[in-house]
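Hi everyone, thanks for coming. I'll take a few minutes to walk you through a structure that's new to most of us, so have a look at it first.

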Amino acid sequence: SLVNMPPNLLTATALADYAVDMANEFGLEVEVLTKAEITELGMGGILAVNQGSTEEPRVITLKSKATDDWSDVLGLVGKGVTYDTGGYSLKPKDGMVGMKGDMGGAAAVLGAMRVIAQLKPAKNVVAVIGSTDNMVSADAIKPDDVITMYNGKTVEVLNTDAEGRLVLADAVVYAQQQGANAIVDVATLTGGVIIALGMDKTGALTNDDELFETLLEASMDTDEFIWRLPLTENDKKRIRKSDVADYNNSPGRDGHMIFGGGFVGEFVGNMPWIHL
């Protein structure tokens, strides 16, 4: 329902309202950060993507508590870009149609949390969704801009259409602050994975073989095909290559699904992590 909703109706604010209503219905803890609060925290990735918009961004957090102590917490992080024009790295007209679904990662995470609330597994789970649209205006970010992320690292923006990774990077840091001990992030991040694997397979990156094995078993049980792609030290070097910042957000088109997910991985550190 959410991915099919037109973007003039499903704004970041509307997505947050939906999450609050769902949380209240199914007994989940919920928190929504406004633009003022996001600005105060310094979530520069989300704010940069939001710069060109008249719609405010939101950061949504949901918690399902299975134990009295908030430990051994799985973090689910979803990309909630409610519409993606590409920004100044503008998509062609045919590439823009359907970008109302660029919040599919957020929708998947909300769906997961709804099921978790109903089934009540013996597992603490926190979900974090960063939500905004990516628009073009005189205020929008430009290629060559340098932004400061939530964790203080700087990013040289080489492609404003590589925006989902900026939103997700701030969101995974916030998920860690909310107690996550392992993170699975879900995104409609790049067409590169469709080029590599087609429309019917999920591409994955990970830094933890054991965590990934549990996901793979679940994917086989549910007939959801997942294929692991490599994230090498050479890939990481290209993400970290910039004359003016700690990272760049788009090292090139070759292997760019790996660079999209790998960028998010830079903000996870050594915590067990899977990118889908």
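I'll start with the whole chain, then go to a few strands and a few single residues.

One thing up front: this is a predicted model.

Okay, the big picture. The secondary structure of the protein chain comes to 10 helices and 11 strands. Measure along the principal axes, and the C-alpha atoms fill a box of roughly 45 × 40 × 35 Å. Now, for 276 residues, a compact globule would have a radius of gyration near 19 Å, and the chain here has 17 Å, so the two agree. Buried residues make up 53% of those 276. And if you take the contacts with a separation of 6 or more, 76% of them are between residues 24 or more positions apart.

What about the outside? The protein chain exposes about 12,600 Å², and carbon and sulfur atoms supply 52% of that. On the charge side, there are 22 positive and 39 negative side chains. The centres of those two sets lie 4 Å apart.

Let's zoom in on strand β2, residues 58-64. Is β2 enclosed or open to the outside? Well, 7 of its 7 residues are buried, so the strand is largely enclosed by the rest of the structure. Arg58, Ile60, Leu62 and Ser64 point one way, while Val59, Thr61 and Lys63 point the other way, and all of them are buried. Yes, that list of buried residues includes Arg58 and Lys63.

And which strands does β2 pair with? There's β1, residues 29-33, which runs antiparallel to β2 and is joined to it by 5 bridges. If you want a spot to find on screen, Leu33 stands opposite Val59 in β2. Then there's β4, residues 124-134, also antiparallel to β2, this time over 7 bridges. There you can look for Lys63, which stands opposite Val126 in β4.

Now follow the chain out of β4. In the loop between β4 and β5 you'll find Met135. Met135 is partly exposed, at 29% relative accessible area. Leaving aside residues up to four places away in sequence, Met135 touches Gly52, Ser53, Thr85, Gly87 and Ala140. Take Gly87: Met135 is 48 residues from it in sequence, yet their C-alpha atoms are 5.2 Å apart.

Further along that β4 to β5 loop sits Asp144. Most residues other than glycine have a negative phi. Asp144 isn't a glycine, and its phi is positive, about 95°. Asp144 is also exposed, because its relative accessible area is 60% and the cut-off for exposed is over 50%. Lys120 is another residue with a positive phi, near 55°. You'll find Lys120 in the loop between α5 and β4, and at 64% relative accessibility Lys120 counts as exposed too.

Last stop: an open sheet of 3 strands, in the order β5-β6-β10, with mixed pairing. β5 and β10 are at the edges with a single partner strand each, so each has one side left without a neighbour in the sheet. β5 pairs with β6, residues 154-156, in the antiparallel sense, over 3 bridges. In that pair, Val146 has Glu156 of β6 as its bridge partner.

That's my tour, so over to you for questions.

Definitions and conventions:
Residues numbered from 1 in each chain as written. Predicted model: local features only at pLDDT ≥ 70, side-chain atom pairs only at ≥ 80, totals over all residues. Heavy atoms only, no water. Buried < 20%, exposed > 50% of the residue type's maximum accessible area, 1.4 Å probe, protein only. Helix = DSSP H or I, 4+ residues; strand = E, 2+ residues; numbered from the N terminus. Pairing = 2+ DSSP bridges. Rg over C-alpha atoms; globule rule 2.2 N^0.38 Å. Contact = heavy atoms within 4.5 Å. Areas by Shrake-Rupley, 256 points an atom, 1.4 Å probe, with all protein chains shown as cover. Lys, Arg positive; Asp, Glu negative; His and termini not counted. Charge placed at Lys NZ, Arg CZ, Asp CG, Glu CD.
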